[in-house]
Amino acid sequence: MADVIIAPSLLSCDFARIAEEVKAVEQAGADWLHIDVMDGHFVPNLTIGPAVVSAIKKVASVPLDVHLMISNPDDFIEQFVDAGSDYLTVHYEACTHLHRTLTAIKHAGAIPGVSLNPATPPEMILPVLSEIELILFMTVNPGFGGQDFIPSVLDKVGPIKSGLNELGKGCLLAVDGGINEVTAPAVIKKGINVLVAGSYIFGSPDYRKAIDSLR
């Protein structure tokens, strides 16, 4: 099995020291940096915009995995790609024309991803699997860090993997929410490639130890 990608979620870092936090988790073994963009409409929280992503890009040496938890993501694709997003993930639930949105992300120069909320059936994205390079399963309801893991979400992985196998297509599979040393093994056993973890890593006194424990 390929190595699991660990993507610390900067939502849980100390924003007053964000450059230092980026360097600290990179030195601790982070493979990606996960950046949650929230607009107060699609989810009940506000976080950051393209200017902060651009600032993070200047100090980061690993890929930026930018997760748009926003309404009307099409209006912001170019801004976030120009700011330095390597992976750009939109929510199925926020996209009226998902195929068009994924195509726009590719044309802008980022790797397209789709995220599914806990209550969204996996079948909803089967028609566009050929256009997706990253699928992010939300294992909490999006909007806030520190929530409890929802284990039933893992039942979605099987149908998605079957659809990918039928296409003969590879795709990164990620989970976000409630990931820690207890939940990570079950997630990895399902065939997940990418673990997004925020409070577990940034709440630990030893970032390297936390990241190593997830692997």
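Strand β3 and strand β4 (residues 87-91) pair in the parallel sense, over four bridges, and within this pairing His-67 stands opposite Thr-89 of β4. The model in which this is seen is a predicted one. Between the two strands lies helix α3 (residues 77-82), and β3, α3 and β4 together make a β-α-β unit that is right-handed.

Strand β3 also has a partner in strand β2 (residues 33-38), which runs parallel to β3 and is joined to it by six bridges. One position in this pairing is Ile-35, whose bridge partner in β3 is Val-66. To get from β2 to β3 the chain passes through helix α2 (residues 50-59), and this β-α-β crossover is right-handed.

How many of the six residues of strand β3 are buried? Six of the six residues in the run 64-69 are buried, so β3 is largely enclosed by the rest of the structure. The covering applies to both faces of the strand: Leu-64, Val-66 and Leu-68 are buried on one side, while Asp-65, His-67 and Met-69 are buried on the other. Val-66, the partner of Ile-35, and His-67, which stands opposite Thr-89, thus belong to opposite faces of β3.

The loop between α2 and β3 contains Ala-60, which has a relative accessible area of 17% and therefore counts as buried, the cut-off being under 20%. Setting aside neighbours within four places in sequence, Ala-60 is in contact with Val-22, Glu-26 and Leu-33. Val-22 and Glu-26 are both among the buried residues of helix α1 (residues 18-27), so this loop residue leads the reader on to that helix. Ala-60 and Leu-134, by comparison, are 74 residues apart in sequence, and their C-alpha atoms are 21 Å apart in space.

In helix α1 the buried residues are Ile-18, Glu-21, Val-22, Val-25 and Glu-26. Around the helix axis they cover an arc of only 130°, which means that they lie on the same side of α1. The elements that cover these buried residues include β1 (5-8), β2, α2, α7 (199-202) and α8 (207-214). After α1 comes Gly-29, whose phi is positive, near 110°.

Glu-21 lies in helix α1, and because its relative accessibility is 4%, it counts as buried. Apart from neighbours within four places in sequence, Glu-21 is in contact with Cys-13, Asp-14, Phe-202 and Tyr-207. The structure holds two aromatic pairs. Phe-202 and Tyr-207 form an aromatic pair with an edge-to-face arrangement, the centres being 5.4 Å apart and the planes at 75° to each other. Both of these aromatic residues, Phe-202 and Tyr-207, are buried.

Another contact of Glu-21 is Cys-13, which is buried because its relative accessibility is 9%. Cys-95 likewise counts as buried, at 10% relative accessibility. Why does Cys-95 form no bond with the closest cysteine sulfur? That sulfur belongs to Cys-171 and is 15 Å from the sulfur of Cys-95, which is too far for a bond, since a disulfide calls for sulfur atoms within 2.5 Å. By this rule the count of disulfides in the structure comes to zero.

Methods
Residues numbered from 1 in each chain as written. Predicted model: local features only at pLDDT ≥ 70, side-chain atom pairs only at ≥ 80, totals over all residues. Heavy atoms only, no water. Buried < 20%, exposed > 50% of the residue type's maximum accessible area, 1.4 Å probe, protein only. Phe/Tyr/Trp six-rings, centres within 6.5 Å; stacked < 30°, edge-to-face > 60°. Pairing = 2+ DSSP bridges. Right-handed = clockwise from strand over helix to strand, strands pointing away. Arc of directions from axis to C-beta. Contact = heavy atoms within 4.5 Å.
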